[in-house]
Amino acid sequence: MHLRLVHHGLDLSKEQVVVLKKLHDHEGEGLNQNELAFLTNRDKSSLARLLSKMEKKKCIKRIQQFEDKRINHVILTDEGKRVYKKAKRALKELIEAMEMGISEEEKKHLIKILKKVQFNYKQESQVQ
């Protein structure tokens, strides 16, 4: 994935792409930092470091809440929107390359098998 992003002139990690997508999904309103940590399954301190890097790249902006200075609201900048569109194209190309030569029927069968594996894993996790 990283090489595909680099090929498109993007200096992004997988984690940064996930943050861009989550913010894109909430375009207009953005998300507070705690919500973003939950949605990306990251702890608050690692997310803060990640957001600092993204802020330096001008992809996101953090706005401190007036009522509670401990809460930051995170929004996608115009640069972040541009970068996300490029990343989305790069990932689409990657998925197409990975799916080459695989029929729709084979994809459906694979998804069915993976769902069974996921179900079995959840069942096993509850036992322990």
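Here are some notes on helix packing, salt bridges and a few individual residues in this predicted model.

1. **α2 against α3.** Start with helix α2 (residues 14-25) and helix α3 (residues 33-40), whose axes come within 10 Å and cross at roughly 120°. With that angle, α2 and α3 are oblique to each other. If you care about handedness, α2 passes α3 in a right-handed crossing. On the α2 side the contact uses V18, V19, K22 and L23, and α3 answers with L36, L39 and T40. By residue type, this contact comes out as 5 nonpolar, 1 polar and 1 charged.

2. **α2 against α4.** The other packing to look at pairs α2 with helix α4 (residues 44-56), at an angle of about 85° and with the axes 11 Å apart. That puts α2 roughly perpendicular to α4, because angles of 65 to 115 degrees fall in that class. Here α2 contributes E15, Q16, V19 and L20, while α4 brings in L47, L50, L51, K53 and M54. The split is 6 nonpolar, 1 polar and 2 charged. Note that V19 turns up in the α3 contact and again in the α4 contact.

3. **Q33 in α3.** Have a look at Q33, which sits in helix α3. Is Q33 buried or exposed? Its relative accessible area is 14%, so Q33 counts as buried. Setting aside neighbours within four places in sequence, Q33 is in contact with L47, A48, L51, R62, N72 and V74. Two of these names, L47 and L51, are also on the α4 side of the contact with α2.

4. **Salt bridges, the long-range one.** Over the whole structure, the search turns up 10 salt bridges. One that I'd look at is E27 with K81, where the closest N and O atoms are 3.4 Å apart. This pair ties together distant parts of the chain: E27 is in the loop between α2 and β1 (31-32), K81 is in helix α5 (residues 78-98), and 54 residues separate them. Both ends are partly exposed, E27 at 40% relative accessible area and K81 at 27%. There is a third member to keep in view, as E27, D78 and K81 are linked in a network of salt bridges.

5. **Salt bridges around K107.** K107 is worth a separate point. Its side chain meets that of E99 in a salt bridge at 3.2 Å, N to O, and that of E104 in another at 3.0 Å, N to O. E104 and K107 both belong to helix α6 (residues 104-127), where they are 3 residues apart, about one turn of the helix. How do the three residues sit with respect to solvent, buried or exposed? K107 is buried at 19% relative accessible area, a value just inside the class, because the cut-off is under 20%. E99 is partly exposed at 33%, and E104 is exposed at 51%, which clears the over 50% limit for that class. I'd read both of those labels with the percentages beside them: 19% for K107 and 51% for E104.

6. **Positive phi at N41.** Which residue between α3 and α4 should you check for backbone geometry? N41 has a phi near 55°, a positive value in a residue other than glycine. N41 is found in the loop between α3 and α4, and at 72% relative accessibility N41 counts as exposed.

7. **Positive phi at K58.** K58 is another non-glycine residue with a positive phi, about 65°. The position is again a loop, this time between α4 and β2 (60-64). K58 counts as exposed, with 57% relative accessibility. What does K58 touch, leaving out residues up to four places away in sequence? The list is T77, E79 and G80. As for E96, its C-alpha is 29 Å from that of K58, with the two positions 38 residues apart in sequence.

How values were computed
Residues are numbered from 1 along each chain as its sequence is written. This is a predicted model: local features need pLDDT of at least 70, side-chain atom pairs count only at pLDDT 80 or more; totals for chains, interfaces and linings use all residues. Side-chain values use heavy atoms; hydrogens and water are left out. Axes are lines fitted to C-alpha atoms, for helices over the stretch in contact, and angles run from 0 to 180 degrees between N-to-C directions. Helices (H or I, at least four residues) and strands (E, at least two) are DSSP runs, numbered from the N terminus. Angles under 35 degrees count as roughly parallel, over 145 as roughly antiparallel, 65 to 115 as roughly perpendicular and the rest as oblique. A crossing is left-handed if the near helix is turned anticlockwise from the far one by less than a right angle, and right-handed if clockwise. Contact means heavy atoms within 4.5 Å. Ala, Val, Leu, Ile, Met, Phe, Trp, Tyr, Cys and Pro count as nonpolar, Asp, Glu, Lys and Arg as charged, and the others, Gly among them, as polar. A salt bridge is a side-chain nitrogen of Lys or Arg within 4 Å of a carboxyl oxygen of Asp or Glu. Buried means under 20% relative accessible area, exposed over 50%, partly exposed in between (1.4 Å probe, protein chains only).
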